[in-house]
Amino acid sequence: MSNAAPHHSHGHSHAQGQSHEPGAPQGHSHKHGHGHSHGHGHGHSHGPVDYGRAFAIGTALNLAFVAVEGTAGLLTDSVALLADAGHNLSDVLGLLLAWGGAKLATRPASKRFTYGYRGSSILAALGNAVLLLFAVGGIAWEAVGRFAAPPSVSGGVVMAVAGVGILVNVATAMLFARGRKGDLNIRGAYLHMVADAAVSAGVVIGGGLILWTGAEWIDPAISLVVVAVILWSTWGLLKESLTMALDAVPAGIDPDAVRAALAGLPGVARVHDLHIWPMSTTEAALTAHLVMPGGHPGDDFLAKLAHRLADDFRIDHTTVQIELGEGAECRLHGPANV
């Protein structure tokens, strides 16, 4: 995950004896009978503006174009146009998935969903990638079958319709351009539209070649180029969304650098049980145990630590346990990786 601009984070921690509303900046420490204390710090995530309007406009534009392109493909018997229309339809579904994920991610936490529904944005990105893989499978199957008996296609109509597709896809992509660096879900929508623009450009070229050469096999060949472009643009989205769904350390956060920063804090003798994972496509969380034999450093230490992790590593939700003794090792980690 990349939490680059426009996403900014600020950590806050306060000495509190009570809980706050989910997502509010907070921090507290509690003393327990076993001599441990826990500190929680939260950083604000000032993500991109609400993309509801962009999703609505993009969905409407693409639905209208799918209807036009699909009709033209049927009338001209062009598998290239039908393939591109099918891909655009899958992108409409993808936009709806991304839109739903973005909306769910804004819902507050509850007793059962203590992190809220932030993870839905990760599932939406993963669903988008899987949906595209199914789409390219259908396109490839149809294109290969057309090589045996390629239909006669009107190159001029193919060029005109695909040309409109370029305009629609570029316009839709620009709606999401500002948020593509800070949100994998938004990036998925953006990449789909950019890929569609490139595919439509390829179809325009194919239509021109058909007019020039009269070779009917060019139409299904262009369809396979469409498949290759979609697969290329989808692979990165699939890989990153899958790793996020498995709670891997988000891309852009160096766990060794985080560990070194924690170990270098005054009074810290050892760091163990360090976990970093994505809460959503824009937010990361961290838990860690700090062994501090000299005693509990106080709430100010926790507040500054939350600020540092938010500002330096864009980790939004921090939970730190202070241990005055050696502490028990994490059962999830081997002896060499605690």
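Reader: What percentage of the contacts with a separation of 6 or more comes from residues 24 or more positions apart?

Author: The model shown here is a predicted one, and its contacts can be sorted by how far apart the two partners stand in the sequence. When the contacts in the protein with a separation of 6 or more are taken together, the part that joins residues 24 or more positions apart comes to 75%.

Reader: In what order do the helices and strands follow one another along the sequence?

Author: The secondary structure of the protein consists of 8 helices and 6 strands. Read along the sequence, these elements give the pattern β-β-β-α-α-α-α-α-α-α-β-β-α-β.

Reader: How much of the accessible surface of the protein belongs to carbon and sulfur atoms?

Author: The protein has 338 residues, and 48% of them count as buried. Its accessible surface comes to about 15400 Å², and the share of this area that belongs to carbon and sulfur atoms is 65%.

Reader: Which element gives the largest share of the largest nonpolar core?

Author: The largest nonpolar core has 22 residues, and those that touch the most other members are V258, L262 and L290. Two or more residues of this core come from each of α7 (255–263), β4, β5 (284–291), α8 (299–313) and β6 (317–323). The largest share, 5 residues, is given by α8.

Reader: How many residues does the other core, which lies apart from this one, have?

Author: This other core is separate from the one just described, and its members include V158, V168, V199 and I218. Its number of residues is 21.

Reader: Is T172 buried or exposed?

Author: T172 lies in helix α4, which covers residues 155–176, and, leaving aside neighbours within four places in sequence, T172 is in contact with G58, L61, N62 and M193. One of these partners, M193, is 21 residues away from T172 in sequence, while the two C-alpha atoms are 6.4 Å apart in space. Because the relative accessible area of T172 is 0%, and buried means under 20%, T172 counts as buried.

Reader: Which elements each supply at least two residues of the lining of the second largest pocket?

Author: The second largest pocket holds about 220 Å³ of space. It is lined by 14 residues, and the closest to its centre are R118, G119, D247, P278 and M279. By class, the lining has 9 nonpolar, 3 polar and 2 charged residues. The elements that each supply at least two of the lining residues are α3 (120–148), α6 (218–245) and β4 (270–278).

Reader: Is D247, one of the residues closest to the centre of that pocket, buried, exposed or partly exposed?

Author: D247 lies in the loop between α6 and α7, and its phi is near 65 degrees, a positive value in a residue other than glycine. The relative accessible area of D247 is 45%, and since buried means under 20% and exposed means over 50%, D247 is partly exposed.

Reader: D273 is not a glycine, yet it too has a positive phi; is D273 buried or exposed?

Author: D273 lies in strand β4, and its phi is about 55 degrees. Because its relative accessible area is 13%, which is under the 20% that marks the limit for buried residues, D273 is buried.

Conventions. Residues are numbered from 1 along each chain as its sequence is written. This is a predicted model: local features need pLDDT of at least 70, side-chain atom pairs count only at pLDDT 80 or more; totals for chains, interfaces and linings use all residues. Side-chain values use heavy atoms; hydrogens and water are left out. On a 1 Å grid over the protein atoms alone, a cavity is a set of points where a 1.4 Å probe fits but cannot get out, and a pocket is an open set with protein on both sides within 12 Å along at least five of seven lines; lining residues have an atom within 4 Å of a point. Grid points are joined across faces, edges and corners, and a volume is the space filled by probe spheres set on the points. Helices (H or I, at least four residues) and strands (E, at least two) are DSSP runs, numbered from the N terminus. Ala, Val, Leu, Ile, Met, Phe, Trp, Tyr, Cys and Pro count as nonpolar, Asp, Glu, Lys and Arg as charged, and the others, Gly among them, as polar. Buried means under 20% relative accessible area, exposed over 50%, partly exposed in between (1.4 Å probe, protein chains only). Contact means heavy atoms within 4.5 Å. Accessible areas come from the Shrake-Rupley method with a 1.4 Å probe; for residues, only the protein chains shown count as cover. A nonpolar core is a set of buried Ala, Val, Leu, Ile, Met, Phe, Trp, Tyr and Cys residues joined through side-chain atoms within 4.5 Å.
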